[in-house]
Amino acid sequence: MARIRDYRAGDAAKVRAQAAQQAEAAEAAAGFERLAAAYSLVEDGTGGEAVLAVFGYRIDDETPDGAECFAFVGGDAGRGLLAAVRFLKHKTAAEAARLNVRRITMTVKADFAAGARLARLLGFRPAARLADFFNGETYQLFERIEDYGNRIGGYHGGA
């Protein structure tokens with residue numbers, strides 16, 4: 001049975017990347033070691049613990065009240081993704097409050113339908129297309145706006 005736990009050093013390198021994330025796998029693994037908060041979707045098996053996916057957050061240095069959300073999901077994570085989505089929908093709001101941020105962004109390769117679906121399930125909405133964003137590839141920028149109870153026009157994110 002899959003479960004969520006706090007991220008441990010090296011977890012991202014253990015994720016078996018989906019084909020759509022192969023080109024960014026090494027950089028993603030290195031980046032997870034520097035995040036403000038991160039979590040791992042794991043499953044215990046006969047060979048020990050398997051890391052199925054990792055998720056994390058960091059302050060966006062270019063946006064005073066912003067943070068970035070990262071997800072690196074293995075091709076074998078399907079059986080645990082429902083639990084991860086439930087956990088992360090609420091955790092994203094909690095991390096935004098803890099990090100004192102209002103806008104959280106997430107980038108997904110433009111042709112990666114599963115990544116876009118995950119972003120939407122987590123409460124993110126498409127915000128912009130980013131041409132030549134990484135390795136010459138176009139990405140979709142998603143955003144989630146936390147309103148902390150202030151309902152002043154526009155999309156209000158939340159879980």
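A residue counts as buried when its relative accessible area is under 20%, and as exposed when that area is over 50%. This briefing concerns a predicted model and applies those terms to helix 3 and to an aromatic pair. The fold includes an open sheet of 7 strands with mixed pairing, and helix 2 packs on that sheet.

**Helix 3**

- Helix 3 spans residues 113-121, and within it Gly115, Ala116, Leu118 and Ala119 are buried.
- Viewed down the helix axis, the buried residues of helix 3 fall within an arc of 160°, so they line one face of the helix.
- Ala113 and Arg117, on the other side of helix 3, are exposed.
- The cover over the buried residues of helix 3 includes helix 2 (81-99) together with strand 3 (48-59), strand 4 (66-73), strand 5 (103-109) and strand 7 (137-145).
- Gly123 follows helix 3 and has a positive phi, near 95°.

**The sheet**

- The strands of the open sheet are arranged in the order 1-2-3-4-5-7-6.
- Strand 1 (2-6) and strand 6 (125-134) form the edges; each has a single partner strand, so one side of each lacks a neighbour in the sheet.
- On average, neighbouring strands of this sheet are turned by 25° against each other, with direction ignored.
- In general, the strands of a sheet pair through backbone hydrogen bonds, in either a parallel or an antiparallel manner.
- The pairing of strand 1 with strand 2 (residues 37-45) is antiparallel and extends over 5 bridges.
- Arg3 stands opposite Val42, a residue of strand 2.

**Helices against the sheet**

- Helix 1 (residues 25-32) lies across strand 2, strand 3, strand 4 and strand 6, and runs at about 125° to strand 4.
- Helix 2 touches strand 1, strand 2, strand 3, strand 4, strand 5 and strand 7, and its direction makes about 30° with that of strand 3.

**Aromatic pairs**

- A pair of aromatic rings is described by the distance of the centres and the angle of the planes.
- With ring centres required to lie within 6.5 Å, the count comes to 3 aromatic pairs.
- One of these involves Phe133 and Tyr139, whose ring centres are 5.3 Å apart and whose planes stand at 55°, so the pair is tilted.
- The tilted class holds planes that are neither under 30 degrees apart, which would count as stacked, nor over 60, which would count as edge-to-face.
- Phe133 is partly exposed, with a relative accessible area of 43%, whereas Tyr139 is buried, with a relative accessible area of 3%.

How values were computed. Residues numbered from 1 in each chain as written. Predicted model: local features only at pLDDT ≥ 70, side-chain atom pairs only at ≥ 80, totals over all residues. Heavy atoms only, no water. Buried < 20%, exposed > 50% of the residue type's maximum accessible area, 1.4 Å probe, protein only. Helix = DSSP H or I, 4+ residues; strand = E, 2+ residues; numbered from the N terminus. Arc of directions from axis to C-beta. Contact = heavy atoms within 4.5 Å. Phe/Tyr/Trp six-rings, centres within 6.5 Å; stacked < 30°, edge-to-face > 60°. Pairing = 2+ DSSP bridges. Axes fitted to C-alpha atoms, helices over the stretch in contact; angles between N-to-C directions.
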